[in-house]
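Got your viewer open? Take this tour one selection at a time, and keep the sequence panel handy.

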Amino acid sequence: MPSLRSIRGRIKSVKNTRQITKAMEMVASAKMRKAQARVRDTRPYAEKIRELLYRLSAIEAHRPNIFFQVRPVKTIGIILIATDRGLCGPINSNVFKQVNRFMAERPGVNFEFVVVGKKGQDFVRRGGLKAVGSVTGVKDKGQIEEILPATQVAIEEFTKGQWEEVWVFYTEFISTLTQKARSQQLLPILPETEADGTKKPSPFLGEYLYEPDTAEILEVLIPRYFETVVFQRVMENFASEYSARMMAMRNATSNAKEVIYQMTLVYNKLRQAAITREISEIASGADAVQQG
Amino acid sequence: MSFMLSLLTQERVLVTEEVDFVKAKGVDGEFGVLTGHTPFITLLDPGELVVRKGDSLYSYYVSGGVAEVLPKSMIVLANTVERADDINLELARTARKNAEEALSKPISEIERRTFLLELKRENVRLSIASRRHSPGHPGQISEE
């Protein structure tokens, strides 16, 4: 049986833990609301620019552009988006699992990483993988400038012909309760396909008029597409991170509550037993005195 | 006849609604869009984007970007957008003055170009904002 004093100490320490997790939950939930709004705000642009480029990639005349060309794959560039901090449930490890599966499915291909987030750096280091660039300490304020170093490296590697494909791995925000690890091919840009692999019919099949001309528009549009989509994925990841952290901390808080309840029960039982014992000792002492 | 306008920046959504007419500034000059426009894609110059919906006119300052026009929709992927009502005259004036001062000094070609661009941008912003302040102008902007 533990002593009264030791159990009191443990209750106190669990109470402290509960306070910390409670505070973290509240911080995460405040950040989460902002991050969710940001996801809502940034999704439309990313989707529209993606759709626009899908439409453009379906136009035959654009084929020669390197960003629309399929080449035999030797090296794949992976943009891995993870969090800077832990205590956010399984979202990082789910993404890493997905990356591992992706690599296992493609034997004989090299992989190079551009990493966003400290946990991603750890993953790359632990796995002995090659990182060509990394960004950490990105703020959740929605500043695209912060991730530009990462996207520029990736675009450079692709245009130099070092990478034949570029993929992004991140955690998609679905709801406060659900986040899903996702992978997505960013380059080359290919016409959208249905699940069975056939070309999706484009809503618009004609040719556009271009001002000033195709080449110049693509030159602006493609880097913009790339950085916007990556940026949007980082925002998704933030919303996922805060949601997951909030849930993890909420669970931790309720676990702590449960532990405190159980320990208080034991504590009270012990206390009562001690009192009973003391009384019976006094009573028997008094008896002895009277009889004597 | 109206069409769907989406005015977006990387950071937020400004407009997604059915509108009747849009005037914007492409690199090759201003253009107007009505329903049934020929599909076209253009880069945008810093300038005013005017939207007409019913009887009301809305005005935005767009710093550049890309516009895609389809017969029944128009998407403006802007770099940055300001609502005309939000333009801060003081800030714009100071920025213009700074650019002018910088240009009067001997500077490198690249710097000169950035400041010229800056100057152009501030002039456009100021002209949009000042129009808003002159009542009775045909391009007057109604309050939202």
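A residue is called buried here if 20 or more other C-beta atoms lie within 10 Å of its own. With that in mind, know too that you are looking at a predicted model.

**Stop 1: chain B, the whole thing**

Select chain B and hide the rest for a moment. Of its 144 residues, 31% count as buried. Chain B holds 2 helices and 10 strands. Colour by secondary structure and walk from the N terminus: the order is β-β-β-β-β-β-β-β-β-β-α-α. The radius of gyration of chain B is 16 Å, close to the 15 Å that the globule rule gives for 144 residues, so chain B is as compact as a globular protein of that length. Turn the C-alpha trace around and you'll find that it fills a box of roughly 55 × 35 × 25 Å along the principal axes. As for who touches whom, take the contacts in chain B with a separation of 6 or more: 51% of them involve residues 24 or more positions apart.

**Stop 2: strand β9 of chain B**

Now pick residues 73-78 of chain B, which make up strand β9. How many of the 6 residues of this strand are buried? The count is 5, so β9(B) is largely enclosed by the rest of the structure.

Add β1(B), residues 3-9, to your selection. This strand runs parallel to β9(B), and 6 bridges join the two. For a pair to click on, try B:Met4, which stands opposite B:Ser73 in β9(B).

Next, add β8(B), residues 65-70. Here the 6 bridges to β9(B) link strands that run antiparallel. Click B:Glu68 and look for its bridge partner in β9(B), B:Ile75. Then follow the backbone from β8(B) to β9(B): a hairpin joins them through 2 residues.

**Stop 3: the two domains of chain B**

Give residues 3-84 of chain B one colour and residues 86-133 another; these are domain 1 and domain 2. Their C-alpha centres lie 23 Å apart. Where they meet, the contact takes 9 residues from domain 1 of chain B and 9 residues from domain 2 of chain B. On the domain 1 side, the elements giving two or more residues are β6 (47-53), β7 (56-62) and β10 (81-83) of chain B. That side of domain 1 divides into 3 nonpolar, 3 polar and 3 charged residues.

**Stop 4: chain A, the whole thing**

Switch over to chain A. Its secondary structure comes to 5 helices and 6 strands, and along the sequence they follow the pattern α-β-α-β-α-β-α-β-β-β-α. Zoom out: the C-alpha trace of chain A spans about 115 × 40 × 35 Å along its principal axes. The radius of gyration of chain A is 29 Å, but a compact globule of 292 residues would have one near 19 Å. Buried residues make up 31% of the 292 residues in chain A. Among contacts between residues at least 6 apart in the sequence of chain A, 76% join residues at least 24 apart.

**Stop 5: the sheet in chain A**

In which order do the 5 strands of the open sheet in chain A lie? Hop across them and you'll read β3-β2-β1-β4-β5, with mixed pairing. The edge strands are β3 (130-135) and β5 (179-187) of chain A, each pairing on one side only. The twist averages 20 degrees from one strand to the next.

Zoom in on β4(A), residues 165-173. This strand pairs with β5(A) in the antiparallel sense over 8 bridges. Click A:Trp167 and look across to A:Gln185 in β5(A), which stands opposite. Finally, select residues 148-159 of chain A: this is helix α4, lying across β1, β2, β3, β4 and β5 of chain A and running at about 145 degrees to β3(A).

**Stop 6: where the chains meet**

Bring both chains back. Here, 22 residues of chain A are in contact with 21 residues of chain B. On the chain A side, α1 (4-57), β6 (209-211) and α5 (214-291) each supply at least two residues. The largest share, 7 residues, comes from α1(A). The chain A side divides into 14 nonpolar, 4 polar and 4 charged residues.

For the last selection, show β6(A) together with β5(B), residues 40-44. These two strands pair across the chains in the parallel sense over 3 bridges. Click A:Tyr210, and its bridge partner in β5(B) is B:Ile41.

Key. Residues numbered from 1 in each chain as written. Chains lettered and ligands numbered in written order. Predicted model: local features only at pLDDT ≥ 70, side-chain atom pairs only at ≥ 80, totals over all residues. Pairing = 2+ DSSP bridges. Helix = DSSP H or I, 4+ residues; strand = E, 2+ residues; numbered from the N terminus. Axes fitted to C-alpha atoms, helices over the stretch in contact; angles between N-to-C directions. Contact = placed C-beta atoms within 7 Å. Nonpolar A, V, L, I, M, F, W, Y, C, P; charged D, E, K, R; others polar. Domains from an automatic or database assignment. Rg over C-alpha atoms; globule rule 2.2 N^0.38 Å. Buried ≥ 20, exposed ≤ 12 C-beta atoms within 10 Å, placed from the backbone.
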